[in-house]
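Student: I should like to take a close look at a single part of this structure. Please treat that part in one connected account.

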Amino acid sequence: IKYTEQKEQEKIMSRTKKFIYNTFTTALYQIVVMIVGFITPKVFLNAYGSETNGLVTSINQFITYFNLVEAGLAGAAVYALYKPLAEKNYSKINAIVSAAKKFYLKAGYIFVGLIIAMALIYPIFVKTGVLSTFEVGLLVLVLGANGVIEFFTLSKYRVLLTASQKTYIISLSSIIYVILNTIITIVLAQFKVNIIILKTVAILAILVRSFILMTYVKKKYKYISYKEKPDYQSMNKRWDALFLQVLTAIQNGAAVVITTIFTNLTTVSVYSIYNMVMHGVNGVLQIFTTGLSASFGDVIARKEENTLKKSYREFEFSYYSIITVVYSVSMVMLLPFVKIYTTGITDANYILPLISFLMVLNGLLYNIKTPQGMLVISAGLYKETRIQTITQALIIVVLGVILTPIFGLAGVLIASCISNLYRDIDLIFYIPKNVTKIPVVETLRRIGILILNIVIIVVPCMLLINIKADSYFQWAIYAIGITIYAIMVVIINALLFDKEQLKSVLIRIKSMFLHKKVKEK
């Protein structure tokens, strides 16, 4: 019994160790992305204007939708790899990665066809005065080239590393890619080089990332062979996983597409600035979830029910505490940031309080379901949640099409909020019943505490603090003060309402560091 307990503890520590690696590198990556994400658009707006920025944003969003030709491949392959990786069944692993490679090649050819079709059709329907019809089509081809490289080089490596809980390798290579891409963009934008030439040269950065991942996998996974007979049966969850990825793509991109169709490229640019900030916020939150899907998938594959319950309770408590702080501060500080960021840009009105509020609310509603949504992926419950996924997608599309012509950008954001709220309610009840077997009232109580905390944090700050920030330094001082206040509110209410989970999380953190010290000795 003692030996079994020791082995169990070692497995927990191994997962925790990988989680730390993944979390640290993801944190570093998101910090780089956030910094770059704030610098590059401003340089881009100054050099090329709001209309060009809106054009590039619009094209990139359509290309993101074309990536759905591989939808379900990554999720199905990663899920299929959990068990053979845990059992070190190399033959099975090779059969799965061989099947994944074949599927990615086919999807890649379809993607190329879609990009070419878009290059011919998109310029006809989108009118702009900054580029000719031919140049718009050429820009589509250049921006699509990044996706082509993803299909034919990166995808098969990313699947293996994700399933192995080694997303830190992907993060490190992505950091290098982002830095190189940013340097190229900033330097060429300063000289106002033609946008098509700029985006063409920037392709070099993704080639570097491809080389890094290829080299690492070949060195660390010497047993990998793509000559093994493909196990297509292992990918049978692909079409079920497709719906989940379709939802994600629609949820993330509907605003840009619907705004492009029903408004104009300048409005798309306004959305892109607010979304840039919220994307950075979501990037911070992604730090705390990277690699956890694979970790929980490993627990589920081993049928460790007690470990699943304990770990999930700790994660849900921790994640809800984090998003309380993050979105409370965002609610107060987003608009002041946009005011500073868009200083000097006069070709569009970026100061929109309602849009600021809806962007933060939508982000909060999207992230409330993250703990439950993660377990859908970990347990491979794609088919079982298909109807709910389709319903959520229909809500944002139908309501977006109805509300956007009436309310503009606010309309599509309201549709997105309603869509996320529906999915929150669905998953909050579905996951406890079908996966964790934890009483749903626990999650509902935590969400109630989350809402209470946000009200306690946001309302006094909005009513009592008159934020006058004319520089990033002044803005940071306000943000730090509000963050400290938010953390204090969350900790006090955790001690009052969820003391057991707070204690459990602190014990896990403490044991993790003690284990590390003992191992070093």
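Which residues does isoleucine 323 touch, not counting residues up to four places away in sequence?

Tutor: The model is a predicted one. Isoleucine 323 touches Leu285, Ser328, Leu364, Asn367, Ile368 and Leu450, leaving out residues up to four places away in sequence. Together with Tyr327, Ile323 has the most contacts inside the largest nonpolar core, which has 77 residues. The helix that gives the most to this core is α11, spanning residues 305-341, with 18 residues. A second core, separate from this one and made up of 67 residues, includes Phe66, Val78, Leu81 and Val217. In general terms, nonpolar side chains tend to be buried together in soluble globular proteins.

Helix α11 also carries charged residues, and these deserve equal attention. The structure holds eight salt bridges. One of them joins glutamate 314 to lysine 310, with their closest N and O atoms 2.6 Å apart. Because these two residues are four places apart in helix α11, about one helical turn separates glutamate 314 from lysine 310. The general rule is that an α-helix has 3.6 residues a turn, so residues three or four places apart point the same way. As to their surroundings, glutamate 314 is buried, because its relative accessible area is 4%, under the 20% limit. Lysine 310, at 45% relative accessibility, counts as partly exposed.

Other salt bridges lead from α11 to another helix. Arginine 313 and glutamate 442 meet through their side chains in a salt bridge, at 3.0 Å from N to O. This pair links distant parts of the chain, since arginine 313 is in helix α11 and glutamate 442 is in helix α16 (residues 440-464), 129 residues apart. Arginine 313 is partly exposed, with a relative accessible area of 23%, whereas glutamate 442 counts as buried at 17% relative accessibility.

Arginine 446 and glutamate 316 form a further salt bridge between their side chains, at 2.7 Å from N to O. Arginine 446 lies in helix α16 and glutamate 316 in helix α11, so this pair ties together parts that are 130 residues apart in sequence. Arginine 446 counts as buried at 5% relative accessibility, and glutamate 316 counts as buried at 1%. Salt bridges link Arg313, Glu316, Glu442, Arg445, Arg446 and Asp498 in a network. As a general matter, side chains of opposite charge can pair when their charged atoms come close.

For contrast, one may turn to the surface. A nonpolar patch there is formed by Ile261, Phe262, Ile387, Ile390, Leu394, Val397, Val398, Val401, Ile402, Ile406 and Phe407, with about 1000 Å² of accessible area together. Helices α8 (238-262) and α14 (386-407) each supply at least two of its residues, and the largest share, nine residues, comes from α14. Isoleucine 402 lies in helix α14 and counts as partly exposed, because its relative accessibility is 47%.

To return to α11 in summary: this helix gives 18 residues to the largest nonpolar core. The residues with the most contacts inside that core are Ile323 and Tyr327. Helix α11 also holds arginine 313, paired with glutamate 442 of helix α16, and glutamate 316, paired with arginine 446 of helix α16.

Key
Residues numbered from 1 in each chain as written. Predicted model: local features only at pLDDT ≥ 70, side-chain atom pairs only at ≥ 80, totals over all residues. Heavy atoms only, no water. Patch = residues over 30% accessible without salt bridge, like charges linked within 9 Å, V, L, I, M, F, W, Y side chains within 5 Å. Areas by Shrake-Rupley, 256 points an atom, 1.4 Å probe, with all protein chains shown as cover. Salt bridge = Lys/Arg side-chain N within 4 Å of Asp/Glu carboxyl O. Buried < 20%, exposed > 50% of the residue type's maximum accessible area, 1.4 Å probe, protein only. Core = buried A, V, L, I, M, F, W, Y, C linked by side-chain atoms within 4.5 Å. Contact = heavy atoms within 4.5 Å.
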